[in-house]
Amino acid sequence: MATNLTADEEAGWFVAQQEQPWWQWLLRRFIASGPIPRHVAFVMDGNRRFAKSKHLGNVIKGHEKGFVQLAKILDWCNRFGIREITVYAFSIENFKRSEDEVTGLMRLAEEKFQKLLNDSEKLDEKRICFRFYGNRSLLFLSTSEVDE
């Protein structure tokens with residue numbers, strides 16, 4: 001899949017942010033001054049709108065950029081010591097999109113999870129485990145089968 005991602009963005013799940021803008025430093029200090037939550041949740045939303053507003057040419061590129069941001073957020077959570085993170089990333093509503101977009105989303109998910117599984121040493125080092133919720137069998141259906 002041809003993308004316009006930088007080498008850092010292509011790095012995958014374990015993206016360590018080297019330079020931080022001044023506001024991020026200030027925000028980290030503010031958050032660290034209070035109790036750190038044990039669990040946070042994120043809803044992946046707006047990647048299609050982002051792709052359209054930035055004229056990326058393909059909505060999948062917006063989803064790719066969304067993944068890059070998620071990797072940065074996960075790194076940030078790790079730095080704060082947040083131990084549990086929930087990511088709501090794919091709903092049944094996504095199957096109502098065009099077949100090209102659904103196929104692209106599935107390909108992107110497969111690529112990113114394969115990259116993650118290939119980095120088992122890092123998973124062990126960071127003590128990361130995954131739990132998938134929902135009807136996983138739907139991930140193997142075509143869009144026409146979901147509509148039935």
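# A walk through a predicted structure, starting at helix H5

Let me begin on helix H5, where the face turned away from the buried side of the helix carries the exposed residues Glu99, Asp100, Glu110 and Leu117. I should say at once that what we are looking at is a predicted model, and everything I describe today should be heard with that in mind.

Now please turn to the other side of this helix, and ask yourselves which residues of H5 are buried. They are Glu101, Val102, Gly104, Leu105, Leu108, Lys112 and Leu116. If you look down the axis of H5, these buried residues fall within an arc of 160 degrees, and so they line one face of the helix. The length of H5 can be checked as well, because at 1.5 Å a residue the 19 residues from 99 to 117 should span 27 Å, and the C-alpha atoms at the two ends are indeed 27 Å apart, which agrees.

Let me stay for a moment with Glu101, which has a relative accessibility of 4% and therefore counts as buried, given that the word is used for values under 20%. This residue forms a salt bridge with Arg97, and the closest N and O atoms of the two are 3.2 Å apart. Its partner Arg97 is partly exposed, with a relative accessible area of 25%. Glu101 also brings us to another part of the chain, for its C-alpha atom is separated by 9.0 Å from that of Asn58, although the two residues are 43 apart along the chain. Asn58 itself lies in the loop between helix H3, residues 47–53, and helix H4, residues 59–80, and it is partly exposed, with a relative accessible area of 38%.

In that loop between H3 and H4 we also find His55, and I would like you to notice its backbone. The phi angle of His55 is near 55 degrees, which is a positive value in a residue other than glycine. As for its surroundings, His55 is exposed, with a relative accessible area of 70%.

Let me now step back to the chain as a whole. The protein chain contains 7 helices and 2 strands, and, read along the sequence, these elements follow the pattern α-α-β-α-α-β-α-α-α. Of the 148 residues in the chain, 27% are buried.

Next come the salt bridges, of which a search of the whole structure finds 8. One of them joins Asp75 to Arg79, with the closest N and O atoms 3.0 Å apart. How far apart are Asp75 and Arg79 in helix H4? They are 4 residues apart, so about one helical turn separates them. The two ends of this bridge are covered to different degrees, since Asp75 counts as buried at 13% relative accessibility, whereas Arg79 counts as partly exposed at 33%.

A second example is the salt bridge in which the side chains of Arg131 and Glu84 meet, at 3.8 Å from N to O. This pair links distant parts of the chain, with Arg131 in the loop between helix H6 (120–126) and helix H7 (143–147), and Glu84 in strand S2 (residues 84–88), the two being 47 residues apart. Arg131 counts as exposed at 54% relative accessibility, while Glu84 is partly exposed, with a relative accessible area of 24%. The pair also belongs to something wider, because a network of salt bridges links Arg38, Glu84 and Arg131.

What about bonds between cysteines? The structure holds 0 disulfides. Let me nevertheless point out two cysteines for you: Cys77 is buried, with a relative accessible area of 4%, whereas Cys129 is exposed, with a relative accessible area of 57%.

I will finish at the surface, with the question of which residues make the nonpolar surface patch of about 760 Å². The patch is made by Trp22, Trp23, Trp25, Leu26, Leu27 and Phe30. To take one member as an example, Trp22 is found in helix H2, which covers residues 22–32, and this tryptophan is exposed, with a relative accessible area of 64%.

If you carry one picture away, let it be helix H5 in this predicted model, with its buried residues lining one face and with Glu99, Asp100, Glu110 and Leu117 exposed on the face turned away from them.

How values were computed. Residues numbered from 1 in each chain as written. Predicted model: local features only at pLDDT ≥ 70, side-chain atom pairs only at ≥ 80, totals over all residues. Heavy atoms only, no water. Patch = residues over 30% accessible without salt bridge, like charges linked within 9 Å, V, L, I, M, F, W, Y side chains within 5 Å. Areas by Shrake-Rupley, 256 points an atom, 1.4 Å probe, with all protein chains shown as cover. Salt bridge = Lys/Arg side-chain N within 4 Å of Asp/Glu carboxyl O. Buried < 20%, exposed > 50% of the residue type's maximum accessible area, 1.4 Å probe, protein only. Expected span 1.5 Å × (residues − 1). Arc of directions from axis to C-beta. Disulfide = S-S within 2.5 Å.
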